[in-house]
Structures are given as C-alpha cells and as structure tokens.
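Please open the model in your viewer with residue selection switched on, and follow the stops below in order.

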Amino acid sequence: MTKTKESSIRTSLRTITTDNRKKILKDLEENLKKSKKKFIITANPETIMLAEKDTEIKDMLENEDVLKVPDGIAVVKACQKIKMPVKERITGCDLSVDLLEFANKHKKSLLCCIKWKIRFF
C-alpha cells in the first residue's frame, strides 16, 4: 500500500465516531424528539476503500455533520490500530431497528435510505 493511500484511509477512519451504541442512540433519539435530521453512514471496509475512488463517498466521510459509525469488525480493529478508542461494531441493521422502535413508540417519522452502486472491478 502506498503512503498516500494509507494516509487517505487513516483520514477516513479518523472520521468515525468513538461513541458507543448507547451514546449514539441517546443522541439520535434527542434528534428525533426535536425532529432534527441526521445523516448516518454505517462505515464498513468497503465504504472506506470506495472513498479512495469515489469523491462523493469521500466527501460524505469528511463531512463533520454526518455521523459515521463503525459497521464492521475490520473497521473497529483498524481504528484501534491507529489508537482510536472505538470499542464496538455498530451495524446499520441494529441501528435501524433501534431507531424504528423509538420512532414508533414516540409517533415520529423516520426515513431510512440505502444507496447502492453496482461496481465492476
């Protein structure tokens, strides 16, 4: 791996939250109570690697207003390797279920979007 690519990957990893699932859910629930929008990326290894070639993904990862959670044990381990105190993997599926349950309980609307890009290598 080249130094430039390694540096770019480290930059992407450093944007991932170090908060645990409980803290993230508390913050997101507060946003929902206030009807405040929040864009979330569940960053897995593929997301980090695609940011190398896709400026749209790279821009989203670098956007401070976007919450990036570590969705993948490889991402957790990579963050730990660069001395980030990421403790747990937080899957998009688990996070979605938690937020949908909260929204249902509090009669709030929640929009879940998935953007798929088919790539051929």
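Select N31 to begin: this residue sits in helix 2 (residues 21-33), where a helix is a DSSP run of H or I at least four residues long, a strand is a DSSP run of E of at least two, and both are numbered from the N terminus. N31 counts as buried at 14% relative accessibility; here buried means under 20% relative accessible area, exposed means over 50%, and partly exposed is in between, with a 1.4 Å probe and protein chains only. If its neighbours within four places in sequence are set aside, N31 is in contact with K36 and K38, contact being heavy atoms within 4.5 Å.

What you have open is a predicted model, in which local features need pLDDT of at least 70 and side-chain atom pairs count only at pLDDT 80 or more, whereas totals for chains, interfaces and linings use all residues. Residues are numbered from 1 along each chain as its sequence is written, and side-chain values use heavy atoms, with hydrogens and water left out.

Now zoom out and colour by secondary structure. The chain has six helices and two strands, and read along the sequence these follow the pattern α-α-β-α-α-β-α-α. Of the 121 residues in the chain, 34% are buried. Among contacts between residues at least 6 apart in sequence, 70% join residues at least 24 apart. With the surface displayed, the accessible area of the chain comes to about 8,700 Å², and 54% of this belongs to carbon and sulfur atoms; such areas come from the Shrake-Rupley method with a 1.4 Å probe, and for residues only the protein chains shown count as cover.

Next, select I9 in helix 1 (residues 3-13). I9 counts as buried, at 12% relative accessibility. Add E52 to the selection: the C-alpha atoms of I9 and E52 are separated by 7.7 Å, although the two residues are 43 apart along the chain.

Move on to L61, which lies in helix 4 (residues 55-62). Is L61 buried or exposed? L61 is buried, with a relative accessible area of 0%. Leaving aside neighbours within four places in sequence, the residues to display around L61 are S12, T15, I41, T47, I48, A51 and K68, with each of which L61 is in contact. One of these, T47, is 14 residues from L61 along the chain, and the C-alpha atoms of the pair are separated by 9.0 Å.

For the next stop, show the cysteines. A disulfide is a covalent bond between the sulfur atoms of two cysteines. With a disulfide taken as a pair of cysteine sulfur atoms within 2.5 Å, the count comes to zero. C79 is buried, with a relative accessible area of 0%, whereas C93 is exposed at 57%. C113, in the segment after helix 6, likewise counts as exposed, at 63% relative accessibility. Select F39 together with C113: the two are 74 residues apart in sequence and 9.7 Å apart in space, C-alpha to C-alpha.

Stay in the segment after helix 6 and select S109. S109 is exposed, with a relative accessible area of 71%, and its C-alpha atom is separated by 8.5 Å from that of S35, a residue 74 places away along the chain.

K107 is also in the segment after helix 6. Its phi is near 55 degrees, a positive value in a residue other than glycine, and K107 is exposed, with a relative accessible area of 74%. Then go back along the chain to K83, in the loop between helix 5 (73-81) and helix 6 (92-105). K83 has a positive phi of about 70 degrees although it is not a glycine, and its relative accessible area of 74% makes it exposed.

End with the interior space. On a 1 Å grid over the protein atoms alone, a cavity is a set of points where a 1.4 Å probe fits but cannot get out, and lining residues have an atom within 4 Å of a point; grid points are joined across faces, edges and corners, and a volume is the space filled by probe spheres set on the points. How many cavities of 30 Å³ or more does this rule give? The count is one, and the largest cavity has a volume of about 40 Å³. To see its lining, select T17, T18, D19, N20, P70, V86, K87, E88 and I90. By class, the lining has three nonpolar, three polar and three charged residues, where Ala, Val, Leu, Ile, Met, Phe, Trp, Tyr, Cys and Pro count as nonpolar, Asp, Glu, Lys and Arg as charged, and the others, Gly among them, as polar.

Key:
On a 1 Å grid over the protein atoms alone, a cavity is a set of points where a 1.4 Å probe fits but cannot get out, and a pocket is an open set with protein on both sides within 12 Å along at least five of seven lines; lining residues have an atom within 4 Å of a point.
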